[in-house]
Amino acid sequence: MNRLQSSFIILVIVFLGFVQSGTAQTLTANPATPVCSGTPVTLTATGGASYIWSTGEIGSAIVVTPAVSTHYEVIVKDASEVVIATLSVDVTVLPLPSVSIDSDPSVCSGKPITLTALGTGNFVWKNGVVGNSITVSPTVDTEYWVEITDANGCKNRAYKTIQVNPLPSASISGPTQVCAGGTISLVANGGVDFLWNDDDLTATKTMTDTPTATRTYSCEVTDANGCVSVVSHTVTVTPALTPTISGINQICVGGSTTLTAYPEGATYHWNNSATTRSITVSPGSTTDYTVIVTKDGCTASATQTITVNQQPTPIITPGQTSICRGGMTTLTASAAEPGTYSYLWSTGATTAQIQVSPLSTTSYTVTVTNQVTGCSNSTNQTIVVDASSAPTITGPTTVCRGSSITLTASPGTAYLWDDDATSSGQSITVSPTSNRVYTVWVTNAAGCTYSATHS
């Protein structure tokens, strides 16, 4: 029969046997001994009027919690305060089983840790698990306990607080885009040891690589407590940039052109310090314009040469610069420089040579265009038209048959009449036999010859 399940027979030493009523004196312990250390035991005496215990307490019952096996006595008195018995009992105390928890003192947040109970007996943990070990994954500092029960039914607990170390606050700094063929440098932060997933398994804080395609890099960052965080960083590889410049690449002296860089949606820096996508330039001589274009992590440049062409030197060669009224002259356009040219006259003509018959002094303009460069220039030529008055003939308009009359032309430098003698003087004397019209051609100082008639 188990000692804890059986009743313990208390040895009671009875002096004098019975009180006046004949009632026996007894002393009992509840629970019966032996008991586990720390278990309260109630000692109860009967058969008397008053009781004095060896602990100094009085009363019929006392509660004791001995740490070791202990002998207790009680003096029993009757109503007259006469000692009628001295009773005793031995409370046997069983030691609590020894138990402890073995584990690492700390763990990284969320990581598993195994706690093992040490001792002889059966174990139940705080979380209800039965057995000598449990595996937990705390995220904050946590106290764990295990209760052991030995063969005597005695229980004891062990406590252990697991310190939880936070995971390192890891990060990666560096570019998120790179141009094809470009090199990147990524820097891991937040730890003391590092391990990258690049092809070389770099184990330093900084990792350098030349990715050929978009790639996600990860790094295991370990702090001083040995806790590990994994952080990732994606680098997008963009195709190599091939910038171009559009715009007219040949201009004439004094002209301008607008240059536009491609692709759009980038940043631009021209060698004339402009930072806009398009620029308007007016170079005085042939000039190279370079733009540096940056987009999606790529940087490249393009250059456009603007050729500045000289304007042609137009020439008009007139057949005559002065003509008589009703006269005609030829104007021939050309350029001082060799080349192929087109022509546009103020008359609308597009040939190199034109004939003109102005009624009055007139200026003619021609625009000469180099058909290769497109550069043009203009010049003009004035044709002076003689403005002197028309000649006249003075003299009678009637004459008697057989009589003579004198006709006189207005002044000039030369004369030619249509009389029978084709006279060449300013005046003629004629004797017409019938009605007749006389004509004279008078040449003036400008060399122009005009006619006049008289009838």
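The following paragraphs describe a sheet, a strand pair and a surface patch in this predicted model.

The account begins with an open sheet. Three strands make up this sheet, in the order β9-β11-β13, and their pairing is antiparallel. Its edges are formed by β9, which covers residues 100-102, and by β13, which covers residues 133-136; each of these edge strands pairs on one side only. On average, and with direction ignored, neighbouring strands of the sheet are turned by 25 degrees against each other. The contact between β9 and β11 can be followed in further detail. Strand β11 spans residues 113-118, and 3 bridges connect it with β9 in the antiparallel sense. Within this region, isoleucine 101 lies opposite alanine 117 of β11.

A further antiparallel pair consists of β18, residues 184-189, and β20, with 4 bridges joining them. Here leucine 186 stands opposite methionine 207, a residue of β20. In a regular strand, side chains alternate between the two faces of the sheet. Strand β20, residues 206-209, shows such an alternation: Met207 and Asp209 point to one face and are buried, whereas Thr206 and Thr208 point to the other face and are not buried.

The last feature lies at the surface. Ile52, Ile58, Ile75 and Val83 together make a nonpolar surface patch of about 330 Å². One of these residues, isoleucine 75, belongs to strand β6, which runs over residues 70-77. The relative accessible area of isoleucine 75 is 31%, so this residue counts as partly exposed. Patch residues must have over 30% relative accessible area, and isoleucine 75 has 31%.

Definitions and conventions: Residues numbered from 1 in each chain as written. Predicted model: local features only at pLDDT ≥ 70, side-chain atom pairs only at ≥ 80, totals over all residues. Heavy atoms only, no water. Pairing = 2+ DSSP bridges. Helix = DSSP H or I, 4+ residues; strand = E, 2+ residues; numbered from the N terminus. Axes fitted to C-alpha atoms, helices over the stretch in contact; angles between N-to-C directions. Patch = residues over 30% accessible without salt bridge, like charges linked within 9 Å, V, L, I, M, F, W, Y side chains within 5 Å. Areas by Shrake-Rupley, 256 points an atom, 1.4 Å probe, with all protein chains shown as cover. Salt bridge = Lys/Arg side-chain N within 4 Å of Asp/Glu carboxyl O. Buried < 20%, exposed > 50% of the residue type's maximum accessible area, 1.4 Å probe, protein only.
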